[in-house]
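Colleague: Could you walk me through this model before I head back to the bench? I'd like to ask a few things as we go.

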Amino acid sequence: AEQGGSLLVLGSRRTEPHIARLARRYWQEVPGLRWFDAGDGRNPYAGVMAWADRFVLSPDSVNMISEACATARPVFVAEPERATGRVRRFLDDLLASGRIRAQDTDLADFDATPLRETQRIAEELRTLLTF
């Protein structure tokens with residue numbers, strides 16, 4: 001709001017209905033969109049990934065965090081300390097590298113290098129498959 005932006009809030013198939021209701025009500029006066037299921041229309045995920053200036057994600061979806069980290073936008077994770085096991089190690093590595101930050105009240109912009117592993121993995125496979 002301070003920067004004149006809008007808020008695009010998307011849930012996933014794991015988002016509990018009561019959380020979706022709370023989110024819709026809590027941010028009802030904030031410009032933007034809320035999407036939690038097909039009842040909200042077509043899933044705008046691809047567009048949100050393309051147009052967002054920054055991302056704030058819950059710590060429970062490695063896929064969403066990975067996809068956000070493939071962009072050149074800052075990625076913040078809400079309460080990363082809630083994660084456990086492999087997800088926690090994944091987040092700890094991203095935090096240590098500076099690619100993500102824990103959510104704070106500022107969400108200050110930072111330089112973000114997209115994580116794109118396809119080329120590195122292809123080179124590694126070429127090396128492994130060369131006899």
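What follows is our back-and-forth, from the overall layout down to single side chains.

Modeller: Ground rules first: this is a predicted model, so local features need pLDDT of at least 70 and side-chain atom pairs count only at pLDDT 80 or more, while totals for chains, interfaces and linings use all residues. Residues are numbered from 1 along each chain as its sequence is written, and side-chain values use heavy atoms, with hydrogens and water left out.

Colleague: In what order do the elements of the protein run from the N terminus on?

Modeller: Helices (H or I, at least four residues) and strands (E, at least two) are DSSP runs, numbered from the N terminus. By that count the protein has five helices and five strands. The C-alpha atoms fill a box of roughly 60 × 30 × 30 Å along the principal axes. From the N terminus on, the order is β-α-β-α-β-α-β-α-β-α.

Colleague: What handedness does the β-α-β unit of S1, helix H1 and S2 have?

Modeller: Strands S1 (residues 7–10) and S2 (residues 32–35) run parallel, joined by four bridges; two strands pair if DSSP finds at least two bridges between them. Leu7 sits opposite Gly32, and Leu10 faces Trp35. A crossover is right-handed if, with the strands pointing away from the viewer, the path from the first strand over the helix to the second runs clockwise. With helix H1 (residues 17–26) as the link, the unit is right-handed.

Colleague: Which element gives the largest share of the largest nonpolar core?

Modeller: A nonpolar core here is a set of buried Ala, Val, Leu, Ile, Met, Phe, Trp, Tyr and Cys residues joined through side-chain atoms within 4.5 Å, and buried means under 20% relative accessible area, exposed over 50%, partly exposed in between (1.4 Å probe, protein chains only). The largest core has 14 residues, of which Phe55, Leu57, Ile65, Val75 and Ile100 touch the most other members. Strand S3 (55–57), helix H3 (62–69), strand S4 (75–77) and H4 each give two or more residues to this core. The largest share, four residues, comes from H3.

Colleague: Which residues does Leu95 touch, not counting those up to four places away in sequence?

Modeller: Leu95 lies in helix H4 and is partly exposed, at 28% relative accessible area. Its C-alpha atom is 30 Å from that of Pro31, 64 residues apart along the chain. Contact means heavy atoms within 4.5 Å. On that basis, Leu95 touches Pro80, Ile100, Arg101 and Ala102.

Colleague: How far from Arg99 is the nearest side chain of opposite charge?

Modeller: Arg99 is in the loop between helix H4 (85–97) and strand S5 (100–102). Leaving aside neighbours within four places in sequence, its contacts include Ala68, Cys69, Arg73, Val75 and Phe110. Lys and Arg count as positive and Asp and Glu as negative, with His and the chain ends not counted. Arg99 is buried yet has no salt bridge, and the nearest side chain of opposite charge, Asp109, is away by 9.0 Å.

Colleague: Which residues are linked with Arg120 in a network of salt bridges?

Modeller: A salt bridge is a side-chain nitrogen of Lys or Arg within 4 Å of a carboxyl oxygen of Asp or Glu, and the whole structure has five. Arg120 meets Glu117 at 2.5 Å, N to O, and Glu124 at 3.1 Å. Glu124 and Arg120 lie four residues apart in helix H5, about one turn of the helix. The residues networked with Arg120 are Glu117 and Glu124.

Colleague: What is the N to O distance in the salt bridge of Asp92 and Arg88?

Modeller: Asp92 and Arg88 are about one helical turn apart, because they sit four residues apart in helix H4. Asp92 is partly exposed at 33% relative accessibility, as is Arg88 at 29%. Their side chains meet, N to O, at 3.2 Å.

Colleague: Last one: what is the phi of Glu79?

Modeller: Most residues other than glycine have a negative phi. Glu79 is found in the loop between S4 and H4 and is partly exposed, with a relative accessible area of 44%. Although Glu79 is not a glycine, its phi is positive, at about 50°.
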